[in-house]
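Ready for a little practice in reading a structure? Take a look at what is shown here, then work through the exercises with us at your own pace.

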Amino acid sequence: MTAPALRMQGVGKSFGAHRVLDGITLDARQGEVTCLIGPSGSGKSTLLRCMAFLEQHDTGWIEVLGQPLGFAPGPSGQRLRLPTAEVARVRRGIGMVFQQFNLWPHMTALGNVMEALRLVLRLPRAEAEARARANLARVDLANRAGHYPAQLSGGQQQRVAIARALALAPKIMLFDEPTSSLDPELTGEVLRVMRRLAEDGMTMVVVTHEIGFAAQVAQHLVFLEEGRIALDGTPAEVFRRPWPPRLAGFLEGYLDRGAALLAD
Amino acid sequence: MNSALLLDSLPAVAAGFGVTMLMWLPGLSLAALLGLTLALGRQYGGRAMDAVLALLLGAVRGTPFLVQLFLLYYGGPFIGLTLDPAEAGLLGLAIYGGAYFAEIMRGGFLAVPRGHVEAAVMAGLSPAQTLRRILLPEMALLILPAGVNMAVVLMKETAVLSIITVPELTMVITGIGSSTFAFTEAAFLLAVTYWVLTEATGAAGRAMERRIATVRLA
Amino acid sequence: MARLGACLLPHPGPLPEEEGAAAHFRVLSATPLNATSFALLLDGALITAALSTVSVLLGFAIGALVCTAQLSRIRAVRAAGAVYVSFFRGVPLLVQLLLIYNLLPGIGVNVPGTVAALVGLTLCTAAYQAEILRGGFLAVPPGLVEAGQMVGLSPALILLRIRVPLALRLTLPSVVNEAVLILKASSLVSVVGIADLTRTAQNIASSTYRPIEAFAAAGALYLVLNAVLIGGGGLLGRRMRGAE
């Protein structure tokens with residue numbers, strides 16, 4: 001069994017007096033899709049952002065591809081903050097897709113995808129452009145390379161964002177509610193791309209409200225509640241009836257939206 | 001109005017207009033540059049620097065331009081800074097405009113969506129690269145209307161430079177008006193000239209805004 | 001016309017050549033302005049405050065009229081309003097002041113300089129306030145007006161009870177901002193000989209050969225006046241919100 005792509009042990013996070021995450025211990029295995037689901041305010045987005053070190057975890061340890069992220073135990077067991085350069089190095093293996101897409105508005109789709117290839121990987125222009133176009137093709141947007149984000153639909157913008165992250169050849173892709181900002185008819189195109197990525201073997205951690213997607217595509221499902229892991233297992237295990245009352249309460253909101261595909 | 005008089009004064013008026021332009025455009029550029037430096041200083045210079053600058057810039061924005069000009073022109077020699085009227089005028093415009101641009105640009109930086117910066121962080125861009133490639137361009141696009149407005153404000157303030165004897169348009173035309181006793185006509189001509197300049201600058205600004213509309217909406 | 005020459009050409013403060021070389025080597029004295037000078041400055045500040053307050057209030061009234069014109073159904077009236085706003089925002093205040101100061105006697109209206117300055121300031125701020133008010137009216141959510149229509153309020157009542165109060169609430173910060181701008185702009189009346197704060201500072205600077213202290217003190221007083229204005233604006237805003 002290979003080492004987990006991402007490992008969290010006893011991770012906690014507070015915002016002021018509010019404890020948003022508490023005692024989070026989970027593994028995301030390589031080649032698997034891990035979905036984080038749960039009610040609003042359960043801390044799923046914060047948890048994902050901790051995986052990217054966009055939020056700093058107060059307690060516990062995070063390891064990405066075997067490397068400590070952000071903090072490491074010191075020689076006498078104390079909690080050492082790792083230097084920014086070290087964090088940036090570990091981040092290179094991670095790609096992130098945001099709920100708000102966060103495409104840079106003053107660059108075309110191609111420009112967005114090429115930017116890090118040129119500035120970070122320092123690829124020559126021709127190679128960067130070729131690689132960018134290839135990744136845009138991967139998300140079915142080869143013919144929109146010259147468009148600005150303002151000229152693209154939400155679904156197209158999110159797919160460009162996925163291409164932008166993919167172009168850097170990450171080992172893990174993090175998705176923070178990738179379809180929550182989209183009109184319902186546009187979520188399908190994004191979920192299709194994500195499904196293809198999963199089938200190609202990408203390690204993915206996805207925070208989502210799309211329970212159907214989670215049930216069908218994920219190999220690992222984590223149900224979060226009030227900052228703690230309430231359920232952790234395969235979709236079959238998590239969704240086995242009878243449902244715990246809290247899970248039932250949460251799922252009730254989704255049942256009449258076509259999530260009756262859940263395994264029994 | 002006497003047409004011969006009009007023709008005779010044309011060279012002088014043109015010279016005055018030239019001086020106005022020589023005060024306005026370089027003054028505007030210096031103000032924008034100074035404003036950017038100050039905005040960056042407030043953003044990245046630490047809390048103490050931010051607080052000190054906030055106070056100083058608030059003082060510059062809260063006092064009349066004329067008083068600042070007098071301070072520079074008449075007070076300057078007392079601290080070893082002897083400026084001729086044009087130098088004082090240019091410096092005055094740069095400082096006054098710079099204080100306003102600093103505020104405008106600071107607001108612009110704060111208005112860049114945080115997610116765009118996080119996306120840059122996650123894509124591996126260094127802080128310097130993020131500033132150069134993401135923050136600065138987006139800030140510039142966001143502040144375009146305010147920047148154009150500031151350009152018009154500074155252009156109108158060049159008239160005040162006449163009070164410290166900079167030979168710009170207002171000084172020239174009022175001089176002609178008083179020496180020919182046709183002051184009202186002169187004042188109207190002066191007003192109309194500025195009016196046209198303002199409208200032209202405004203139209204140019206709106207044209208620029210239309211051009212970047214495709215880029216700004218996302 | 002000699003008056004014009006006196007108006008435009010400044011004679012405050014010493015020219016370095018007049019003082020001789022000694023001026024360049026004078027160490028900046030640490031002693032502050034004496035009490036008499038400061039009292040004079042306070043007088044000047046009062047004039048500035050009075051002039052600004054009156055012109056802002058009158059300007060609000062005229063601005064409201066111009067704004068009404070801009071929202072009129074009659075094209076000519078709308079155009080007149082637009083031209084007014086465009087002119088008084090597009091021409092430097094100094095030029096406007098010079099124009100009015102010299103125009104009024106020309107058409108036979110002989111008023112003291114102070115009144116001419118007041119007229120100039122008022123007409124200028126009216127244009128800016130008209131724009132502010134117009135923006136405020138446009139910003140009133142149409143849904144609120146429609147709700148009034150659906151419960152049967154007449155157009156006049158809707159204007160009075162919904163649109164005006166909401167527009168005022170929305171524009172208060174901008175009007176306070178404009179008041180601060182007028183306070184600063186009023187410094188220009190010094191060129192038409194009015195003994196406002198700036199002119200007083202000029203006189204003190206030239207008689208005491210201490211321009212830095214004089215103008216710095218004047219600047220500080222302007223900042224104090226601004227603080228009073230902004231504080232007053234904040235109070236007014238809280239009262240308006242409290243009345244809901």
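Below are four exercises on this predicted model, each with a worked solution.

**Exercise 1.** Find out how the radius of gyration of chain A compares with the globule rule.

*Solution.* Start with an inventory: chain A holds 9 helices and 12 strands. Next, take the radius of gyration, which is 19 Å, and set it beside the 18 Å that the globule rule gives for 264 residues. The two values are close, so chain A is as compact as a globular protein of that length. To add the dimensions, the C-alpha trace of chain A spans about 55 × 55 × 40 Å along its principal axes. Now turn to the interior: 46% of the 264 residues in chain A are buried. Finally, look at the contacts in chain A between residues at least 6 apart in sequence: 65% of these join residues at least 24 apart.

**Exercise 2.** Describe the surroundings of strand 8 of chain A, and name the residue that stands opposite Gly95(A).

*Solution.* Begin with the two faces of strand 8, residues 94-97 of chain A. On one side lie Ile94(A) and Met96(A), on the other Gly95(A) and Val97(A), and all of them are buried, leaving both faces covered. Then look for the partner: strand 8 of chain A runs parallel to strand 9 (residues 172-176) of chain A, and 4 bridges join them. Within this pair, the residue opposite Gly95(A) is Met173(A) of strand 9 of chain A.

**Exercise 3.** Decide whether Val180(C) is buried or exposed, and list its contacts beyond four places in sequence.

*Solution.* First locate the residue: Val180(C) sits in helix 9 (residues 155-185) of chain C. Next, apply the cut-off, under which a residue with 20 or more other C-beta atoms within 10 Å is buried. Val180(C) has 20 C-beta neighbours inside 10 Å and therefore counts as buried. Then set aside the neighbours within four places in sequence; Val180(C) is in contact with Asn226(C), Leu229(C) and Ile230(C). For Leu229(C), the C-alpha to C-alpha distance to Val180(C) is 7.0 Å, although 49 residues in sequence separate the two.

**Exercise 4.** Work out what chain B brings to its contact with chain C.

*Solution.* Count the residues on each side: 33 come from chain B and 40 from chain C. On the chain B side, the elements giving two or more residues are helix 2 (47-62), helix 3 (65-75), helix 8 (169-180) and helix 9 (183-211). Helix 9 of chain B supplies the largest share, with 9 residues. Last, sort the chain B side by character: 21 residues are nonpolar, 10 polar and 2 charged.

Terms used:
Residues numbered from 1 in each chain as written. Chains lettered and ligands numbered in written order. Predicted model: local features only at pLDDT ≥ 70, side-chain atom pairs only at ≥ 80, totals over all residues. Contact = placed C-beta atoms within 7 Å. Nonpolar A, V, L, I, M, F, W, Y, C, P; charged D, E, K, R; others polar. Rg over C-alpha atoms; globule rule 2.2 N^0.38 Å. Buried ≥ 20, exposed ≤ 12 C-beta atoms within 10 Å, placed from the backbone. Pairing = 2+ DSSP bridges.
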